[in-house]
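Hi,

Here's the structure I promised to pass on. Have a look at it first, then read my notes below.

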Amino acid sequence: MNFHSLNTKMMSIILLVVVSYVITLWVLNSQASRMQHDLATEYAEELAQHEAFDVKGRLEVAMNASRTLAQALGGLHKINGNRATADALLREVLDANPAFLGVWSGWEPNAFDGKDDAYRNAPGHDASGRYVPYWNRGSGKLIVEALVDYDKPGVGDFYQLPKANRAETLIEPYLYTVAGKETLITTVVVPIIQNGQCLGVAGGDIALSDYQNEVSPIHP
């Protein structure tokens with residue numbers, strides 16, 4: 001009886017130790033998994049925030065450039081409305097900002113220099129003759145094309161929205177043909193307003209493929 005009683009107690013103690021050990025391992029493993037999960041989540045959030053700030057910074061640079069263009073072109077309009085000078089200004093801004101896919105300006109009929117008829121279908125112009133230059137590096141070098149679809153609601157929101165709202169505007173990502181190739185871009189635009197009238201807009205384009213190429217290798 002005493003032997004069996006001692007044996008039973010020992011087995012009970014061993015069982016208790018084993019159970020306690022299993023529980024301890026489970027608790028430690030749960031804590032480690034939770035800590036690992038929390039650390040991974042924190043890292044992913046910090047990484048996402050870093051990338052978001054980077055994108056925000058680039059958009060702010062593009063917006064500042066568009067503000068400068070709007071002011072400069074508005075001033076040029078007041079002086080003499082010289083299209084060659086305006087083109088040189090747009091080209092220089094694009095050349096100085098490799099992160100930009102394109103910079104451009106669009107003006108209402110005869111609003112820039114009153115000479116639309118003389119520029120119908122000229123290089124960098126369309127059949128309207130309006131001043132609508134789109135300087136871009138879509139072909140690998142700096143070229144000028146005429147803006148397209150700027151007078152159409154929806155596809156022409158990059159022109160229509162800032163003109164109608166008379167406010168700086170960030171356009172939702174959209175597809176636009178640049179140097180003959182359909183490209184996903186986003187645009188920041190600033191209206192050119194004088195004497196209470198919106199004469200046109202100035203904007204900058206950023207190719208979203210550039211962001212995608214930078215972000216895709218990141219695997220939190």
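Going along the sequence, you'll meet the elements in the order α-α-β-β-β-α-β-β-β-α. That comes to four helices and six strands. The radius of gyration of the chain is 31 Å, well over the 17 Å that the globule rule gives for 220 residues, so the chain is more spread out than a compact globule. Keep in mind that this is a predicted model.

You can see that spread in the dimensions too: along its principal axes, the C-alpha trace spans about 120 × 35 × 30 Å. For a feel of the distances, try Met 35 and Ala 127, which sit 92 residues apart in sequence and 65 Å apart in space, C-alpha to C-alpha. As for burial, 35% of the 220 residues count as buried.

Now for helix α1, which covers residues 2–79. Met 35 belongs to helix α1 and is exposed, with a relative accessible area of 54%. Asp 38 is in helix α1 as well, but it counts as partly exposed because its relative accessibility is 44%. Asp 38 also joins Glu 42, Glu 45 and Glu 46 in a patch of negative charge on the surface.

Next, the salt bridges. How many does a search of the whole structure find? The count is eight. Here are some of them.

One pairs the side chains of Glu 168 and Arg 67, at 2.6 Å from N to O. Glu 168 lies in the loop between α3 (157–165) and β4 (169–178), while Arg 67 is in helix α1, so this pair ties together parts that are 101 residues apart in sequence. Both ends are partly exposed: Glu 168 has a relative accessible area of 40%, and Arg 67 comes in at 32%.

Glu 108 is worth a click, too. Its salt bridge with Arg 130 has the closest N and O atoms 3.5 Å apart. Glu 108 and Arg 130 are both placed in the loop between β1 (102–107) and β2 (133–136), 22 residues apart. Is each partner buried or partly exposed? Glu 108 is partly exposed at 22%, whereas Arg 130 is buried at 11%.

Glu 108 also meets Lys 163 in a salt bridge, again with 3.5 Å from N to O. Lys 163 sits in helix α3, 55 residues from Glu 108. Elsewhere, Arg 83, Asp 113 and Asp 116 are joined into one network by salt bridges that share partners.

Happy exploring!

Definitions and conventions. Residues are numbered from 1 along each chain as its sequence is written. This is a predicted model: local features need pLDDT of at least 70, side-chain atom pairs count only at pLDDT 80 or more; totals for chains, interfaces and linings use all residues. Side-chain values use heavy atoms; hydrogens and water are left out. Patches are made of residues with over 30% relative accessible area and no salt bridge: like charges are joined within 9 Å, nonpolar side chains (Val, Leu, Ile, Met, Phe, Trp, Tyr) within 5 Å. Accessible areas come from the Shrake-Rupley method with a 1.4 Å probe; for residues, only the protein chains shown count as cover. A salt bridge is a side-chain nitrogen of Lys or Arg within 4 Å of a carboxyl oxygen of Asp or Glu. Lys and Arg count as positive and Asp and Glu as negative; His and the chain ends are not counted. The place of a charge is taken as NZ of Lys, CZ of Arg, CG of Asp or CD of Glu. Helices (H or I, at least four residues) and strands (E, at least two) are DSSP runs, numbered from the N terminus. Buried means under 20% relative accessible area, exposed over 50%, partly exposed in between (1.4 Å probe, protein chains only). The radius of gyration is taken over C-alpha atoms; the globule rule is 2.2 Å times the number of residues to the power 0.38.
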